[in-house]
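Colleague: I am new to this structure and should be grateful for a close look at a single part of the model. Please choose one place where two helices meet and describe it in full.

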Amino acid sequence: MLPKYTVEYTVKFRRHVQSNHFSTDDPITCEEFVQELLERGYSIQAVKHEGVDLPKREFDRIIKTAAGMLAAKHICASLGIKGEEEKFRFGFTA
């Protein structure tokens, strides 16, 4: 049985490029993983749902959600505030 979500990404080293993938059945876990990829600057090649590339609109929604989560995390850490205050003041997803 295919996992619901698969994220394909590459990690670049000085002389090597390594392709990897991460699979999960949980959409929230998928978004959290994409957030970590964005934070580390890894190249995201594809996000698949049940083995098929997501349509561009859905792919972009996952990237946007993950970027919002990352922004919220950094704002909370930089300002020393909790997620509720960050969401009220800045509107990102905590």
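Modeller: In this predicted model, helix H1 passes helix H2 in a right-handed crossing. H1 covers residues 27-40 and H2 covers residues 56-79. Their axes come within 8 Å and cross at roughly 65°. Angles of 65 to 115 degrees count as roughly perpendicular, and H1 and H2 are therefore described as roughly perpendicular to each other.

On the side of H1, the contact is made by Glu31, Glu32, Val34, Gln35, Leu38 and Glu39. H2 contributes Arg61, Ile62, Ile63, Thr65, Ala66, Ala67, Met69, Leu70, Lys73 and His74. By character, the residues of this contact divide into 8 nonpolar, 3 polar and 5 charged.

One of the H1 residues in the contact, Glu32, merits separate attention. Glu32 has a relative accessibility of 40% and so counts as partly exposed, since that class lies between the limits of 20% for buried and 50% for exposed. Leu70, which belongs to the H2 side of the contact, is 38 residues from Glu32 along the chain. The C-alpha atoms of Glu32 and Leu70 are separated by 9.0 Å.

For orientation, the chain also contains a pair of strands. Strand E1 (residues 5-12) and strand E2 (residues 17-24) run antiparallel and are joined by 8 bridges. They form a hairpin with 4 residues between them. Within this pairing, Tyr9 stands opposite Asn20 in E2.

Methods
Residues numbered from 1 in each chain as written. Predicted model: local features only at pLDDT ≥ 70, side-chain atom pairs only at ≥ 80, totals over all residues. Heavy atoms only, no water. Axes fitted to C-alpha atoms, helices over the stretch in contact; angles between N-to-C directions. Helix = DSSP H or I, 4+ residues; strand = E, 2+ residues; numbered from the N terminus. Parallel < 35°, antiparallel > 145°, perpendicular 65-115°, else oblique. Left-handed = near helix turned anticlockwise from the far one by under 90°. Contact = heavy atoms within 4.5 Å. Nonpolar A, V, L, I, M, F, W, Y, C, P; charged D, E, K, R; others polar. Buried < 20%, exposed > 50% of the residue type's maximum accessible area, 1.4 Å probe, protein only. Pairing = 2+ DSSP bridges.
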